[in-house]
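Q: Could you take me through one spot in this model up close? Pick a single residue, tell me what surrounds it, and then work outwards from there.

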Amino acid sequence: MRQLGLTVRWRDLRRQPPTESELRQLLGNRPIEVFLSRTCPLKEQLPKLSRKEAIAMLAQHPEWLRRPIVIAGGQIVVGYDEVALRALAGRL
């Protein structure tokens, strides 16, 4: 097995919620919907909210974020997507 030299960091988003700044950086220009859990009540309100308001609500309710969020090699995989996670692991 080759040594990848990667630093792996695990963070429980419910115990250590992301700040609004971290969420803005994470989301970038991606649609907010991609990061919402299936049962997130924000989905219905999203069309009425500004991006700033939606991010503020997510910072207050990290349980609404879809998990896991895996960031590696400049790529992001949101939610348990086995194919995407395997592809990401293959690129590292």
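**A serine in a loop**

A: Let's go with S37, which sits in the loop between α1 and α2 (42–45). Keep in mind throughout that this is a predicted model. Across the protein chain the pLDDT averages 88, and 90% of the residues score at least 70.

Is S37 buried or exposed? Although S37 lies in a loop, its relative accessible area is 13%, and since anything under 20% counts as buried, S37 is buried. As for what it touches, leaving out residues up to four places away in sequence, S37 is in contact with K43, E63, W64, L65 and R66.

Two of those names lead us on. W64 and L65 are also touched by L58, again not counting residues up to four places away in sequence. The other contacts of L58 on that count are L23, I32, L36 and L42.

That brings us to the largest nonpolar core. It has 17 residues, and the ones that touch the most other members are L23, L27, I32, L36, L42 and L58. The elements that give two or more residues to this core are α1 and α3, with α3 giving the most, at four residues. α3 also has the highest confidence in the protein chain, at 96, whereas confidence is lowest in helix α4 (residues 82–91), at a mean of 85.

Now for the other contributor, α1. This helix covers residues 20–27, and its buried residues are L23, L26 and L27. Looking down the axis of α1, you'd see these buried residues fall within an arc of 90°, so they line one face of the helix. What do they pack against? Their partners are α3 (51–60), β1 (69–72) and β2 (75–78). Right after α1 comes G28, with a positive phi near 55°.

Those two strands deserve a quick stop before we finish. β1 and β2 run antiparallel and are joined by four bridges, with V70 standing opposite V77 in β2. Together the strands make a hairpin with two residues between them, and G73 in the turn has a positive phi of about 55°.

So, back to where we came in: S37 is a buried residue in the loop between α1 and α2. It touches W64 and L65, and L58 touches both of those as well.

Note on methods:
Residues are numbered from 1 along each chain as its sequence is written. This is a predicted model: local features need pLDDT of at least 70, side-chain atom pairs count only at pLDDT 80 or more; totals for chains, interfaces and linings use all residues. Side-chain values use heavy atoms; hydrogens and water are left out. Buried means under 20% relative accessible area, exposed over 50%, partly exposed in between (1.4 Å probe, protein chains only). The arc is that of the directions from the helix axis to the C-beta atoms. Contact means heavy atoms within 4.5 Å. pLDDT is the predictor's confidence in each residue, from 0 to 100. A nonpolar core is a set of buried Ala, Val, Leu, Ile, Met, Phe, Trp, Tyr and Cys residues joined through side-chain atoms within 4.5 Å. Two strands pair if DSSP finds at least two bridges between them.
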